[in-house]
Amino acid sequence: MIRTMVLTKEDKLILDEQIDDILARNDIKWYWIDFSKPTIEESDSLQTFGFHPLAVEDCLHLKQRPKVDYYDSYQFYVISGLYHKTLKSHEIGAFLSPNMLVTFHTLPHMEIDELWNYLSSSQEAPQKDPKWILYKIIDKMVDASFPHLQTIEEQLNRLESKSSRSYQIQTLMEELFVVRRKLSHIRHFANPMRELIDRMIHSEKLNHSDEERRHYQDVHDHLVKLTGMIEASREITSDIRDNYLSINSNRMNTVMMTLTVITTIFMPLTFIAGIYGMNFQNMPELKWQYGYFLVLGVMVILGFAMYLLFKKKGWFDE
Amino acid sequence: MIRTMVLTKEDKLILDEQIDDILARNDIKWYWIDFSKPTIEESDSLQTFGFHPLAVEDCLHLKQRPKVDYYDSYQFYVISGLYHKTLKSHEIGAFLSPNMLVTFHTLPHMEIDELWNYLSSSQEAPQKDPKWILYKIIDKMVDASFPHLQTIEEQLNRLESKSSRSYQIQTLMEELFVVRRKLSHIRHFANPMRELIDRMIHSEKLNHSDEERRHYQDVHDHLVKLTGMIEASREITSDIRDNYLSINSNRMNTVMMTLTVITTIFMPLTFIAGIYGMNFQNMPELKWQYGYFLVLGVMVILGFAMYLLFKKKGWFDE
Amino acid sequence: MIRTMVLTKEDKLILDEQIDDILARNDIKWYWIDFSKPTIEESDSLQTFGFHPLAVEDCLHLKQRPKVDYYDSYQFYVISGLYHKTLKSHEIGAFLSPNMLVTFHTLPHMEIDELWNYLSSSQEAPQKDPKWILYKIIDKMVDASFPHLQTIEEQLNRLESKSSRSYQIQTLMEELFVVRRKLSHIRHFANPMRELIDRMIHSEKLNHSDEERRHYQDVHDHLVKLTGMIEASREITSDIRDNYLSINSNRMNTVMMTLTVITTIFMPLTFIAGIYGMNFQNMPELKWQYGYFLVLGVMVILGFAMYLLFKKKGWFDE
Amino acid sequence: MIRTMVLTKEDKLILDEQIDDILARNDIKWYWIDFSKPTIEESDSLQTFGFHPLAVEDCLHLKQRPKVDYYDSYQFYVISGLYHKTLKSHEIGAFLSPNMLVTFHTLPHMEIDELWNYLSSSQEAPQKDPKWILYKIIDKMVDASFPHLQTIEEQLNRLESKSSRSYQIQTLMEELFVVRRKLSHIRHFANPMRELIDRMIHSEKLNHSDEERRHYQDVHDHLVKLTGMIEASREITSDIRDNYLSINSNRMNTVMMTLTVITTIFMPLTFIAGIYGMNFQNMPELKWQYGYFLVLGVMVILGFAMYLLFKKKGWFDE
Amino acid sequence: MIRTMVLTKEDKLILDEQIDDILARNDIKWYWIDFSKPTIEESDSLQTFGFHPLAVEDCLHLKQRPKVDYYDSYQFYVISGLYHKTLKSHEIGAFLSPNMLVTFHTLPHMEIDELWNYLSSSQEAPQKDPKWILYKIIDKMVDASFPHLQTIEEQLNRLESKSSRSYQIQTLMEELFVVRRKLSHIRHFANPMRELIDRMIHSEKLNHSDEERRHYQDVHDHLVKLTGMIEASREITSDIRDNYLSINSNRMNTVMMTLTVITTIFMPLTFIAGIYGMNFQNMPELKWQYGYFLVLGVMVILGFAMYLLFKKKGWFDE
């Protein structure tokens with residue numbers, strides 16, 4: 001879908017005009033053209049603006065990290081945002097000049113839709129300009145990532161308490177795995193964006209006013225906080241996993257000891273019983289008056305001796 | 001709760017006046033207004049000072065790492081402190097100008113209460129100014145984190161000795177997990193604060209006097225020491241865990257060997273006894289005069305041979 | 001194989017002339033000589049150009065990371081590319097001057113072949129120059145590495161889903177191992193190349209035009225993206241492995257518990273049965289009217305008690 | 001204990017005078033006052049010198065990493081040394097001016113004692129000055145840490161050879177743990193000191209002569225070497241531990257296989273013997289002429305078949 | 001051993017003169033004195049050159065990382081090389097001035113011997129100077145380390161293929177351990193040398209000509225390549241170990257499952273057989289006509305039910 005928004009010099013807002021018509025007009029204050037999940041034919045319209053071929057190619061393939069390229073009469077941005085359905089970072093290309101903003105994204109971003117609707121329905125468009133729109137897109141993208149992280153933090157708090165009760169461990173491991181994947185996605189969104197914003201703040205070519213710089217500084221601070229939260233959460237997942245492994249290893253130890261104690265006590269006893277269960281005709285002990293009781297006595301003593309041995313070795317301390 | 005402290009030009013200290021009244025007075029040397037765990041209505045008063053909307057929003061949401069923002073007539077700080085009950089780092093917003101300090105925190109901080117009480121009860125307020133109050137808040141926040149770390153170090157010393165006696169291992173693991181969480185919290189307080197203080201010391205916009213710089217340098221040195229202590233403690237927790245896992249793995253080995261030796265010796269013997277416990281009518285060995293003793297002899301030899309085999313394999317060396 | 005391409009001042013393209021002849025001509029705009037998997041005799045021809053001995057030695061032995069060395073009338077590049085068959089990084093030496101490009105590689109690179117064929121068959125050679133050819137070789141080398149990484153990412157997606165169903169685990173481990181080796185190869189190609197390109201962009205000695213700089217910046221951006229994708233993939237392999245180990249450790253625990261429960265319940269019971277299977281003449285219990293049923297009752301009670309004990313210990317919770 | 005050393009302008013060395021007397025004299029070239037493990041009363045004397053309160057507080061509490069603070073007429077150093085008994089790093093405060101050195105340490109350091117004795121007994125004091133004394137203290141502290149590390153390296157060499165013979169493994173783990181603690185202590189001494197010395201060498205405020213700079217450069221080089229040795233030793237401890245865990249895991253595997261082979265072969269055989277040990281009146285096989293031999297034959301074949309199965313599965317390859 | 005080489009102003013090469021004689025001559029273009037594994041008496045001769053005491057001390061004790069110290073009329077180098085027998089890095093002290101090179105090493109280095117022999121036998125000495133000799137020593141040291149690394153890489157290739165066939169695992173672990181130790185030694189040689197060479201290239205005090213700088217740049221490039229190869233090899237060792245541990249853990253799982261299945265099936269069956277092997281006089285079942293066959297039937301059904309249970313649980317999937 002391609003949608004267009006034009007603000008004329010008389011502050012009139014015109015929607016959904018053809019691109020060629022827009023480029024032909026000369027009564028324009030600024031215009032914003034948004035390629036949202038364009039078809040291949042729609043993508044071809046990107047050629048009509050006369051942008052540098054490398055930038056157009058980057059836009060179509062988006063094999064870039066977030067960056068800003070400076071051209072004579074415009075800048076080309078690659079910014080990235082979390083796509084709310086997959087939580088994967090997804091690139092957005094943007095061409096910016098004082099009177100033009102062209103955005104290009106192969107997935108439909110809710111945040112851009114919201115901004116579009118706000119501008120087209122409210123009366124505030126005349127007070128805004130392309131620079132502000134781009135800032136607002138970035139700002140909304142960054143803010144949209146916080147709820148995801150807070151969900152993760154709450155999930156980790158739940159997992160943390162679970163881990164000590166060792167309940168449904170396979171589920172716990174799988175949840176941790178999913179959480180780590182999500183954190184990884186958010187980090188691959190946040191880190192490059194932070195670098196980009198930082199470069200934008202310190203860039204002299206962008207001619208930011210103090211107020212614009214302050215806005216981007218604010219976005220940057222949010223990203224720094226976000227990064228800190230991601231690292232803290234990653235650490236917690238590692239600790240939960242290590243903790244679980246230690247506890248599991250300990251439980252295994254207890255289980256093995258139980259098995260070994262039982263086997264070591266009863267196997268020799270069963271063997272003795274087996275001996276006197278043999279059917280040889282000549283087994284003198286069988287005819288003794290108290291043979292049976294003697295053997296029982298030997299068994300009791302042997303079993304008790306083994307128990308004492310294990311006790312002394314400290315196997316029951318735990 | 002909102003509390004106010006005003007020092008008039010005649011060095012008189014006035015407490016708990018209304019904010020509007022304070023802003024209206026013009027005989028003021030300086031004032032300090034503290035929003036401590038404010039209600040939502042109280043938070044709204046923050047709007048009356050005319051601060052920059054971004055700063056006010058940061059104050060209310062506090063999604064920032066510690067930072068300082070420079071505005072024309074004031075600076076906006078986000079500093080962080082450990083909340084003594086949860087040991088989690090908690091942000092405090094502060095607006096500072098030569099004659100004003102406005103602090104905002106959604107949890108009641110003991111350290112700020114202490115400072116408030118000191119200033120309002122002692123006679124020293126006239127010698128102080130907002131800059132000093134802010135420094136003192138930061139200083140107290142940092143110093144308040146040392147006792148927590150010392151508690152942790154003592155706890156680790158206890159755990160270290162326990163780990164070698166392998167006593168109550170699940171408890172040990174859980175204590176380690178808690179300690180690591182605490183260390184993580186303190187680190188997430190100390191590192192960003194250190195960066196902030198460092199920036200404050202080297203900032204030229206803050207117009208620090210040599211003495212003020214020295215004060216912040218001292219806070220910075222404490223934070224560096226704190227960071228070093230945290231890292232050392234984290235390392236110890238890792239080492240204790242690794243050590244425990246190695247020892248546990250070794251114990252498991254010993255247990256498994258015991259089980260295997262017992263099983264391997266007695267299972268074949270029990271099988272032999274089982275054979276001669278069968279009730280076939282035609283079993284020639286049963287009628288031999290010395291069949292029983294022969295079988296007993298074979299069992300002794302077999303058992304002893306196995307024992308020698310394991311001994312030769314070195315299973316009893318440990 | 002040595003192949004040569006000469007563009008005369010009249011924009012005529014001559015192929016496969018002898019090197020000596022080329023060096024002797026003076027109607028040359030530029031020439032490109034490509035040593036592709038040269039024999040030892042062919043390699044010797046490298047001496048005839050009069051290059052610096054250190055550069056020639058580097059070319060023949062290629063013990064270098066990608067680099068550029070500046071000589072008076074030419075530059076010597078070592079660039080690296082993934083050899084498509086082994087996926088190992090492989091060095092290419094290149095001597096560049098405004099009217100000369102000499103490339104030297106001991107393996108036949110498809111990417112260079114493609115470029116050679118394009119230049120020799122199309123009519124575009126007169127518009128190009130050695131600088132552009134070198135850029136294009138690098139560009140193609142970098143782009144050729146993306147499909148490898150995408151294959152790996154798809155493979156990891158498959159493995160990720162497999163790991164939770166724990167299917168054919170040894171195969172999973174071996175696939176992971178192979179993937180990590182491939183990622184390692186690509187990284188050892190991408191990182192040094194990125195450093196080289198970065199140095200080339202900022203080098204003042206290379207006299208790049210804005211357009212050339214833009215081209216290399218684009219290659220650099222691709223390499224940065226590639227590095228990010230590699231790191232993300234490496235992280236996934238670690239997580240899959242850790243996840244598998246946790247699940248495996250958990251399964252082992254369940255297995256051991258089953259074994260221990262069965263052994264602990266049936267070994268004592270079997271022992272009791274063994275006792276009353278002994279053939280002593282004087283065993284009073286054997287003659288009791290209800291001895292058999294009494295023993296059966298004792299066995300049932302004992303077995304049930306053990307079951308309750310394990311249940312209370314929580315061994316069946318999982 | 002407080003000890004004092006005064007060199008008068010006539011190069012006369014006076015020992016153990018009162019601090020107040022020293023400060024009152026004006027015929028002094030330089031003096032050195034050493035607070036070695038002072039009592040609380042003795043510590044109070046530190047107030048009499050008129051040092052900055054922050055520096056005095058740092059001296060008394062020593063919550064700092066090594067550092068140097070510049071005051072108008074003196075510098076305040078915090079340096080650290082390994083206390084030879086505990087091998088923990090321990091801070092030393094020092095105030096230095098051209099004619100004064102005041103050192104303060106709460107533990108008695110052998111290295112300072114040695115230097116004190118050397119200066120007070122030899123005739124070299126007139127050729128030295130406070131700057132040199134401080135350098136010599138630092139130099140001795142650093143040199144004193146090398147023997148500790150060499151002991152550790154020898155210990156690791158012993159452990160390395162042990163690990164392959166897998167002898168007394170619990171002891172090995174505990175030794176490794178102790179070694180890692182010691183390495184950690186030395187590192188927490190060496191790293192901050194290295195940073196301090198580096199800052200001292202490059203500081204312009206310290207007015208070091210070339211010769212003094214050379215001296216500190218030498219100390220710095222020793223610390224760099226020390227750090228390298230520590231890292232190498234740490235790496236060895238990790239490798240020994242990992243190696244041990246791999247070997248242990250492998251031994252466990254062998255043990256488990258032995259157990260499983262024995263159990264799997266003998267349990268079914270014992271079961272068959274158990275069947276024909278039952279006392280049913282109507283068991284036709286028991287009356288067969290060759291029943292017994294038939295069963296024996298079946299047992300031999302079954303056991304041999306199992307052996308072949310395991311052999312084919314490769315369980316005896318190891 | 002001390003050996004001397006003197007080039008007179010008439011380009012005559014004189015070998016093995018006494019040091020005192022050399023220092024006394026004034027017809028010398030340059031001289032090289034090599035202390036190769038000197039006795040303590042020979043080491044004392046180092047004092048006769050009048051070098052700075054710190055440098056001499058460094059030479060005798062060699063507690064340094066590679067470095068260069070600048071003195072008025074000479075430079076003091078500490079360089080390091082791999083001693084070919086132990087593969088440990090070993091320091092070499094060198095004093096360099098335009099007409100003097102004094103090298104000092106406590107182990108006999110093959111590479112220095114080769115260079116000595118080349119200079120003393122060939123006619124090229126007059127074209128060389130001390131600076132070149134030092135460069136050549138460093139160059140040979142660095143080049144000598146490549147074959148070691150190539151041996152390791154081949155060894156790792158062999159191990160990699162072995163690891164998947166899981167053949168002789170203890171041996172594999174020990175080989176890995178040895179390889180990691182060797183890699184560690186080479187790294188402790190390569191990293192500090194790289195830093196030194198880097199400093200030498202950028203040092204302005206050394207007055208390197210372009211050609212000399214190019215030579216050292218070449219050595220530097222080799223060291224960078226070497227470091228890359230070391231890191232790649234280290235990574236492979238980690239991956240092989242992790243891979244092995246995963247596979248081992250998986251095998252253990254299979255073994256445990258086999259054991260548990262066998263035990264769980266046969267223990268209850270053996271118990272039932274044990275019951276009917278008891279000798280109570282009153283056991284009604286024994287007298288039933290088809291009691292035996294009934295019990296056999298129950299056993300078959302029970303065994304088969306268990307088999308189905310395990311099959312359903314997925315224990316035979318692997």
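Which residue of chain E comes closest to the rotation axis? E:Gly277 does, with its C-alpha at 4.7 Å from that axis. The structure described here is a predicted model. Its chains can be laid on one another by rotation, and a turn of 72 degrees superposes chain A on chain C. The points below cover symmetry, chain contacts, the nonpolar core and surface, salt bridges, and two buried charged residues.

**Symmetry**

- Chain A is superposed on chain C by a rotation of 72 degrees with 0.0 Å of shift along the axis, and the RMSD is 0.1 Å. This is the relation of a five-fold axis.
- Chain E can likewise be laid on chain C, by a turn of 72 degrees and a shift of 0.0 Å along the axis, with an RMSD of 0.1 Å.
- In chain A, the residue that comes closest to the rotation axis is A:Gly277, at 4.6 Å for its C-alpha.
- In chain E, the residue that comes closest to the rotation axis is E:Gly277, at 4.7 Å for its C-alpha.

**How the chains meet**

- Only 19% of the interface residues of chain A are also interface residues in chain C, so the copies meet through different surfaces.
- Chain A and chain D are joined by no contact, and their closest C-alpha atoms lie 9 Å apart.
- No contact joins chain B and chain E either, and the closest C-alpha atoms of this pair lie 9 Å apart.

**Nonpolar core and surface patch**

- The largest nonpolar core has 129 residues, of which A:Tyr276, B:Tyr276, C:Tyr276, D:Tyr276 and E:Tyr276 touch the most other members.
- With neighbours within four places in sequence left aside, B:Tyr276 is in contact with residues of chain A, namely A:Gly277, A:Met278, A:Asn279 and A:Phe280. Its contacts within chain B are B:Met283, B:Glu285, B:Leu286 and B:Val295, and B:Tyr276 also contacts D:Tyr292.
- On the surface, A:Phe304, A:Tyr307 and A:Leu308 form a nonpolar patch with about 300 Å² of accessible area together.
- A:Phe304, a member of this patch, lies in helix 10 of chain A, which spans residues 291-313. A:Phe304 has a relative accessible area of 52% and is therefore exposed, the cut-off being over 50%.

**Salt bridges**

- The count of salt bridges over all chains comes to 94.
- One of them joins the side chains of A:Arg187 and A:Glu231, at 3.7 Å from N to O. This pair links distant parts of the chain, with A:Arg187 in helix 7 (residues 169-202) and A:Glu231 in helix 8 of chain A, 44 residues apart.
- The two partners differ in burial class: A:Arg187 counts as buried at 13% relative accessibility, whereas A:Glu231 is partly exposed with a relative accessible area of 33%.
- B:Lys225 forms a salt bridge with D:Glu91, and the closest N and O atoms are 3.1 Å apart. B:Lys225 lies in helix 8 (residues 210-275) of chain B and D:Glu91 in strand 6 (residues 89-97) of chain D, so the pair joins two chains.
- Both B:Lys225 and D:Glu91 are buried.
- Within chain D, the side chains of D:Arg25 and D:Asp27 meet in a salt bridge of 3.1 Å, N to O. D:Arg25 counts as partly exposed at 26% relative accessibility, and D:Asp27 counts as partly exposed at 22%.
- A network of salt bridges links A:Asp58, A:Lys67, A:Asp69 and C:Asp221.

**Two buried charged residues**

- A:Arg234 lies in helix 8 of chain A, residues 210-275. A:Arg234 has a relative accessible area of 13% and is therefore buried, the cut-off being under 20%.
- Leaving aside neighbours within four places in sequence, A:Arg234 is in contact with A:Arg180, A:Leu183 and A:Arg187, and with C:Glu235 of chain C.
- C:Glu111 is placed in helix 4 of chain C, residues 110-121. At 7% relative accessibility, C:Glu111 counts as buried.
- Not counting residues up to four places away in sequence, C:Glu111 touches C:Lys140, C:Met141 and C:Ala144.
- C:Glu111 and C:His84 are 27 residues apart in sequence, and their C-alpha atoms are 9.5 Å apart in space.

Methods: Residues are numbered from 1 along each chain as its sequence is written. Chains are lettered from A and ligands numbered from 1 in the order in which they are written. This is a predicted model: local features need pLDDT of at least 70, side-chain atom pairs count only at pLDDT 80 or more; totals for chains, interfaces and linings use all residues. Side-chain values use heavy atoms; hydrogens and water are left out. Copies are superposed by least squares on the C-alpha atoms of residues with pLDDT of at least 70 in both. Contact means heavy atoms within 4.5 Å. Patches are made of residues with over 30% relative accessible area and no salt bridge: like charges are joined within 9 Å, nonpolar side chains (Val, Leu, Ile, Met, Phe, Trp, Tyr) within 5 Å. Accessible areas come from the Shrake-Rupley method with a 1.4 Å probe; for residues, only the protein chains shown count as cover. A salt bridge is a side-chain nitrogen of Lys or Arg within 4 Å of a carboxyl oxygen of Asp or Glu. Helices (H or I, at least four residues) and strands (E, at least two) are DSSP runs, numbered from the N terminus. Buried means under 20% relative accessible area, exposed over 50%, partly exposed in between (1.4 Å probe, protein chains only). A nonpolar core is a set of buried Ala, Val, Leu, Ile, Met, Phe, Trp, Tyr and Cys residues joined through side-chain atoms within 4.5 Å.
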